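Please look through the sequence and the structure shown below before reading on. The briefing that follows takes up a few local features, grouped by topic.

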Amino acid sequence: MEKQLPLSFDNTAIAFEAKTDKALKKANFLFSNIGKPWLVKLGAVMTPIAFKLGLPIKGIIKSTIFSQFCGGETLEEAATTALQLGNYHVGVALDYGVEAMEGEESYDAAVPEFIRAIQYAASRPDIPFIAIKVTGFARFDLLEKVHRKETLTPAEQQEYTRVRNRVHAIAEAGARHNVAILVDAEESWIQDPVDALTDEMMSLFNEGKVIVYNTFQMYCHDRYPFLQVSLEKAVKNGYLLGAKLVRGAYMEKENKRAAENNYPTPIQPSKEATDKDYDAAVKFCIDNLDKLAVFIGTHNENSCMFAARLLHEKGLPHNHPHVSFSQLLGMSDNITFNLAHAGYNVSKYLPYGPVKEVMPYLIRRAQENTSIAGQMGRELALIRKEMKRRAMA
């Protein structure tokens, strides 16, 4: 008789083992308030105004929402958070959370910051990944023009070559230091150049080992077929595919733009369709672990359990080197810590950067949390279950 999978996402003692009573109370307070859409909307409007007026709000933000969802203001502070997570066998995907300023100087300046993070990660066993966004190194309008397959002017061609060189410099540093690079997905109307650049980097640096990962947003109905095509291309060209699987982050924006411009939305017709494609992609990847590595980035308990069970049923090691799970820092600790406890490779996405610059990221996190059906209720129920277990409430 097959041995049962020793994994549950309801064990709050493991889920919150890294949290003190004080930290648990703070999380309870935060999620109670993030669950109020009116408060999140107010915060999204008022916070940038408060910063512009020079009001002393940084301390309040840093000790509340920032400390929940960010690893620190500097690489060194983020490394301290990584060390704490490492004590519980949870790795880190470092994400320099500053939304890039426009302009060539800013794009050039971002590259050494990422290379510094890669060099630092190389000295630490608990930081296996670095996340990047191509829009951190490229003008959005330029990517849009490339996506539309319009002819670039000679100046634009030079500009695009510089974009490619920036991404290449980071991927090369990742390969040199053996730190994996997760290339985030973007809006569908600039995704083609992002895919092309990432494919090129995979062909250069994914021989024998996966260094570069492309991101597949399964809420787009064409991404599961694209994942299959991407693997065919990788096999044909003699490199390993890196596949980061997510559901997606731009749904409202995608639907709005499609309606305004009168074209069919790229978004799946329903959540069920997204879930179906996501789990199909997980199975496809786990069936092809000799040809790819998969990074399962989701807060969906069913998908995580499905992937864990597949590995278990196939008799593959839970810590297979080509399979990683990941959740955002500050969320779904019940998934992260229970997976780590059961011996799976799991990392927290760990954003870092100055409070003011990371605010757009934090506001998005809060907005996402209010829009994911049942997410806040689940987080709060688990926190309160653990508080009760500890006789705190």
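**Parallel strands, a buried lysine and two unusual loop residues**

Strand 2 and strand 3 (residues 180-183) are paired in the parallel sense, and four bridges connect them. This is a predicted model, and the points below should be read with that in mind.

**The strands around strand 2**

- In the pairing of strand 2 with strand 3, Ile130 has Ile181 of strand 3 as its bridge partner.
- Strand 2 is also joined to strand 1 (residues 91-96), with which it runs parallel, and here the number of bridges is three.
- On the strand 1 side, the residue that stands opposite Phe129 of strand 2 is Ala93.
- The side chains of strand 2 (residues 129-132) alternate in direction, with Phe129 and Ala131 pointing one way and Ile130 and Ile132 the other way, yet all of these residues are buried.

**Lys244 and its surroundings**

- Lys244 is part of strand 5, which covers residues 241-246.
- Is Lys244 buried or exposed? Lys244 counts as buried because its relative accessibility is 6%, and the cut-off for buried is under 20%.
- The side chain of Lys244 forms a polar contact, at 2.9 Å, with the side chain of Asp184.
- Leaving aside residues up to four places away in sequence, Lys244 touches several others, among them Leu182, Tyr213, Phe216, Phe295 and Tyr349.

**The packing of helix 5 and helix 6**

- Helix 5 (residues 75-86) packs with helix 6 (residues 104-122) at an angle of about 35 degrees, and the axes of the two helices are 11 Å apart.
- The way in which helix 5 and helix 6 cross is right-handed.
- Helix 5 contributes Leu75, Glu76 and Ala79 to this contact, while helix 6 contributes Arg116, Ala117 and Tyr120.
- Sorted by type, the residues in the contact of helix 5 with helix 6 are four nonpolar and two charged, with no polar ones.

**Two loop residues with positive phi**

- Most residues other than glycine have a negative phi, and against that background two residues in loops deserve a look.
- Asn178, which is not a glycine, has a positive phi near 60 degrees, and its place is in the loop between helix 8 (154-177) and strand 3.
- Ser332 is likewise not a glycine and has a positive phi of about 50 degrees, and this residue lies in the loop between strand 7 (323-328) and helix 14 (333-341).
- Asn178 counts as partly exposed because its relative accessibility is 48%, whereas Ser332, at 3% relative accessibility, counts as buried.

Definitions and conventions
Residues numbered from 1 in each chain as written. Predicted model: local features only at pLDDT ≥ 70, side-chain atom pairs only at ≥ 80, totals over all residues. Heavy atoms only, no water. Axes fitted to C-alpha atoms, helices over the stretch in contact; angles between N-to-C directions. Left-handed = near helix turned anticlockwise from the far one by under 90°. Contact = heavy atoms within 4.5 Å. Nonpolar A, V, L, I, M, F, W, Y, C, P; charged D, E, K, R; others polar. Buried < 20%, exposed > 50% of the residue type's maximum accessible area, 1.4 Å probe, protein only. Polar contact = N/O pair within 3.5 Å; in protein donor to acceptor, adjacent residues only side chain to side chain. Pairing = 2+ DSSP bridges.
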